[in-house]
Amino acid sequence: GVMTVPSDGSVTTAKLGDSSVTSAKIANDAVTKDKLSAHNYPAFEAYLNSGFNVVSGANTKVPLDLITFDTNSCYDNSTNYRFTPTVSGKYYVYGITTIYSGSTSRVEINRAGIYKNGTATLSAQNDYRANNIRTSSSNVSGIIDMNGTTDYIELYTYTQSTAGTPQLLGQATYKRTLCGAYRIGD
């Protein structure tokens, strides 16, 4: 019956039993945001660098070519313009499409869509057929499950105008058309 008290700092992680540290044993202020920072990763946001003409009455993938941030290098801003996260989970996804019809009010419909694996998954639309306008922004957001290997998301726009060639607005210093996502949990 000899009892030995380990010296300070001598108990290693290997000496702790599985599940020996429970939530009840952790002080409320012991876990800081720095310890949890990777929870919302992978994450990205990208936006359109300059104006981009779209075809009226057709779905068009938005070529978001400038990256605000991309925590895990999961966004392709030069070829496919898609986010393919490497960690499975639920992702909060958002997008904005801003359409401009020139000097005359010709925009009838502006729709922003988030596509998962090439299929429309989230959509938001502004309908101005009763009163056409020159500029319109559609905002779309929601939660999408991603498998962390092959699933990907892309931003699309659908624009209908009475005449001319509508244009997605983009600018290097001012985000008018953009998309982003971040992991919110399992």
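Reader: Between which strands is the loop that holds Tyr81?

Author: Tyr81 sits in the loop between β5 and β6, the latter being residues 82–83. Keep in mind that this is a predicted model.

Reader: What is the sign of phi at Tyr81, and how should I read it?

Author: Start with the general expectation. Most residues other than glycine have a negative phi, and most peptide bonds are trans. Tyr81 is not a glycine, yet its phi is positive, at about 50°.

Reader: Which backbone atom does the side chain of Tyr81 reach?

Author: The backbone oxygen of Ser78, at 3.5 Å.

Reader: Which residues does Tyr81 touch beyond its sequence neighbours?

Author: With residues up to four places away set aside, one run of partners is Lys61, Val62, Pro63, Leu64 and Asp65. The others are Tyr75, Asp76, Ile153 and Glu154. Separation in sequence and separation in space are distinct readings, and Tyr81 and Ile133 give a pair of values: 52 residues apart in sequence, 28 Å apart from C-alpha to C-alpha.

Reader: Which other residue has a positive phi without being a glycine?

Author: Ser73, where phi is near 55°. Ser73 belongs to the loop between β4 and β5, with β5 covering 75–76.

Reader: Is Ser73 buried or exposed, and why?

Author: A residue counts as exposed when its relative accessible area is over 50%. Ser73 has 66%, so it is exposed.

Reader: Which peptide bond is cis?

Author: The bond from Tyr41 to Pro42, with omega near -5°. Pro42 is in the loop that runs between α1 (33–36) and β1 (43–47).

Reader: How many helices and strands does the protein have, and in what pattern?

Author: One helix and 13 strands. The pattern along the sequence is α-β-β-β-β-β-β-β-β-β-β-β-β-β.

Reader: After β1 comes Leu48; which loop is that?

Author: The loop between β1 and β2, where β2 is 52–53.

Reader: Why is Leu48 classed as it is by accessible area?

Author: The class of buried residues takes values under 20%. Leu48 has a relative accessible area of 3%, so it is buried. Its contacts, leaving out neighbours within four places in sequence, are with Pro63, Leu64, Asp65, Leu168, Leu169, Gly170, Gln171 and Thr177. Pro63, Leu64 and Asp65 are also among the residues that Tyr81 touches. As for Ala124, it is 76 residues from Leu48 in sequence and 19 Å away in space, C-alpha to C-alpha.

Reader: Where is Asp151 found, and is it buried or exposed?

Author: Asp151 is in the loop between β10 (135–146) and β11 (153–161). Its relative accessible area is 9%, which means it is buried.

Reader: With a charged residue in that class, I would look for polar partners. Which does the side chain of Asp151 have?

Author: One is the side chain of Asn117, in a polar contact of 2.8 Å. Another is the backbone nitrogen of Asn147, which the side chain of Asp151 reaches at 2.8 Å. Apart from neighbours within four places in sequence, the contacts of Asp151 are Phe83, Thr84, Pro85, Lys116, Asn117, Asp145 and Met146.

Reader: What about a residue inside a strand, such as Thr68?

Author: Thr68 is in strand β4, residues 66–70. Partly exposed residues fall between the buried and exposed cut-offs. Thr68, at 34%, is therefore partly exposed. Discounting residues up to four places away, Thr68 touches Glu45, Ala46, Tyr47 and Lys175. With Ala46, the C-alpha distance is 5.5 Å across 22 residues of sequence. With Lys175, the side chains share a polar contact of 3.2 Å.

Reader: How should I read the contacts of the whole chain by sequence separation?

Author: Take contacts between residues at least 6 apart in sequence; 74% of them join residues at least 24 apart.

Reader: What does the radius of gyration say about overall form?

Author: Compare it with a compact globule of 186 residues, for which it would be near 16 Å; this protein has 24 Å. The C-alpha trace spans about 95 × 30 × 30 Å along its principal axes.

Reader: And how do burial, surface and charge come out for the whole protein?

Author: Of its 186 residues, 35% count as buried. The exposed area is about 10600 Å², with 49% supplied by carbon and sulfur atoms. There are 15 positive and 14 negative side chains, and the centres of these two sets are 5 Å apart.

Definitions and conventions
Residues numbered from 1 in each chain as written. Predicted model: local features only at pLDDT ≥ 70, side-chain atom pairs only at ≥ 80, totals over all residues. Heavy atoms only, no water. Helix = DSSP H or I, 4+ residues; strand = E, 2+ residues; numbered from the N terminus. Rg over C-alpha atoms; globule rule 2.2 N^0.38 Å. Buried < 20%, exposed > 50% of the residue type's maximum accessible area, 1.4 Å probe, protein only. Contact = heavy atoms within 4.5 Å. Areas by Shrake-Rupley, 256 points an atom, 1.4 Å probe, with all protein chains shown as cover. Lys, Arg positive; Asp, Glu negative; His and termini not counted. Charge placed at Lys NZ, Arg CZ, Asp CG, Glu CD. Polar contact = N/O pair within 3.5 Å; in protein donor to acceptor, adjacent residues only side chain to side chain.
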